[in-house]
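I opened this notebook to keep track of what I looked up, one topic at a time. The entries below follow the order in which I went through the chain.

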Amino acid sequence: MLLFRVALAVAVLVIFVYGLVDVIRTEGRLTRGISKPAWIIVQIVLPVLGAILWLLIGRPRGTAQPRPSYPHPVAPDDDPDFLRNLEARRRNQAEADRLKKLRDELEAKAKEEGGKGRRGTDEHDADGLK
């Protein structure tokens, strides 16, 4: 009879501690029924009944915590939008480099022709008018 009482006391203690620790470790927004602080009070006031109610009613369904969902793949090289944007940026940069090179060539040519044109015009004017 004494062994039964000791086993019952240990079982009550284990259920109480497990239920209380489980309530404390559960995120407040995941509790069902009542708020997390209310579940803690229920656990303390009604140790065995509170733990049983927590396990049946208040505990979130499923043992796995919900993972946050990400709208895109985690790795950038797996994200098609990232790769498409990367390719577009590469093309834009190549086009900008090509246009800069053409502008530099045109400016160099204009300077070259401008210098020749003035000299040629000066010589032509001097020869043509006189």
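What follows are my entries, from the overall fold to single residues and their contacts.

**Entry 1: the model and the fold**

I note at the outset that I am working with a predicted model. I looked up the secondary structure and found four helices and zero strands in the protein chain, so that, by the assignment of helices and strands used here, the order along the sequence reads α-α-α-α. I then checked burial, and of the 130 residues in the protein chain, buried ones make up 12%. For contacts with a sequence separation of 6 or more, I recorded that 46% join residues 24 or more positions apart.

**Entry 2: how α2 meets α3**

Two packed helices are described by the angle between their axes and the distance between the axes, and I looked up both for this pair. The axes of α2 and α3 cross at roughly 145° and come within 5 Å. From α2 the contact takes in W39, V42, Q43, I44 and V45, and from α3 it takes in P47, G50, A51, L53, W54, I57 and G58. What is the make-up of this contact in nonpolar, polar and charged residues? I sorted the residues of the contact of α2 with α3 into nine nonpolar, three polar and no charged.

**Entry 3: the aromatic pair**

I searched the whole structure for aromatic pairs and found one. It is formed by W39 and W54, which are arranged edge-to-face, with 5.5 Å from centre to centre and 70° between the planes. Because W39 lies in helix α2 and W54 in helix α3, the pair ties together parts that are 15 residues apart in sequence. Are these two residues buried or exposed? W39 has a relative accessible area of 4% and is therefore buried, and W54, at 0% relative accessibility, counts as buried as well. Both residues also appear in my list for the contact of α2 with α3.

**Entry 4: T31 and T26 in the loop**

I next turned to the loop between α1 (2-25) and α2 (36-45), where T31 lies. T31 counts as buried because its relative accessibility is 13%, which is under the 20% cut-off. Which backbone oxygens does the side chain of T31 reach? The side chain of T31 reaches the backbone oxygen of G28 at 3.0 Å, and it reaches the backbone oxygen of I34 at 3.4 Å. Not counting residues up to four places away in sequence, I listed T26, K36, W39, W54 and G58 as residues that T31 touches, and this list includes both members of the aromatic pair.

T26 has its place in the loop between α1 and α2 too, and with a relative accessible area of 6% it is buried. Leaving aside its neighbours within four places in sequence, T26 is in contact with T31, K36, W54 and P60. I noted that K36 and W54 occur in the contact lists of both T26 and T31.

**Entry 5: salt bridges**

My search of the whole structure for salt bridges returned nine. One of them joins the side chains of R59 and D22, with 2.8 Å from N to O. R59 lies in the loop between α3 (47-58) and α4 (80-129) while D22 is in helix α1, so the pair ties together parts that are 37 residues apart in sequence. Which of the two is buried, and which is partly exposed? R59 is partly exposed, with a relative accessible area of 27%, whereas D22 is buried at 13%.

I then looked at D104, which forms a salt bridge with K100, the closest N and O atoms being 3.6 Å apart. D104 and K100 are separated by about one helical turn because they are four residues apart in helix α4. D104 counts as partly exposed at 34% relative accessibility, and K100 counts as partly exposed at 45%. A salt bridge also links R103 with D104, where the closest N and O atoms are 3.9 Å apart, and R103 is partly exposed, with a relative accessible area of 46%. I closed this entry with the wider arrangement, in which K100, R103, D104 and E107 are linked in a network of salt bridges.

Technical notes:
Residues numbered from 1 in each chain as written. Predicted model: local features only at pLDDT ≥ 70, side-chain atom pairs only at ≥ 80, totals over all residues. Heavy atoms only, no water. Helix = DSSP H or I, 4+ residues; strand = E, 2+ residues; numbered from the N terminus. Buried < 20%, exposed > 50% of the residue type's maximum accessible area, 1.4 Å probe, protein only. Polar contact = N/O pair within 3.5 Å; in protein donor to acceptor, adjacent residues only side chain to side chain. Contact = heavy atoms within 4.5 Å. Salt bridge = Lys/Arg side-chain N within 4 Å of Asp/Glu carboxyl O. Phe/Tyr/Trp six-rings, centres within 6.5 Å; stacked < 30°, edge-to-face > 60°. Axes fitted to C-alpha atoms, helices over the stretch in contact; angles between N-to-C directions. Nonpolar A, V, L, I, M, F, W, Y, C, P; charged D, E, K, R; others polar.
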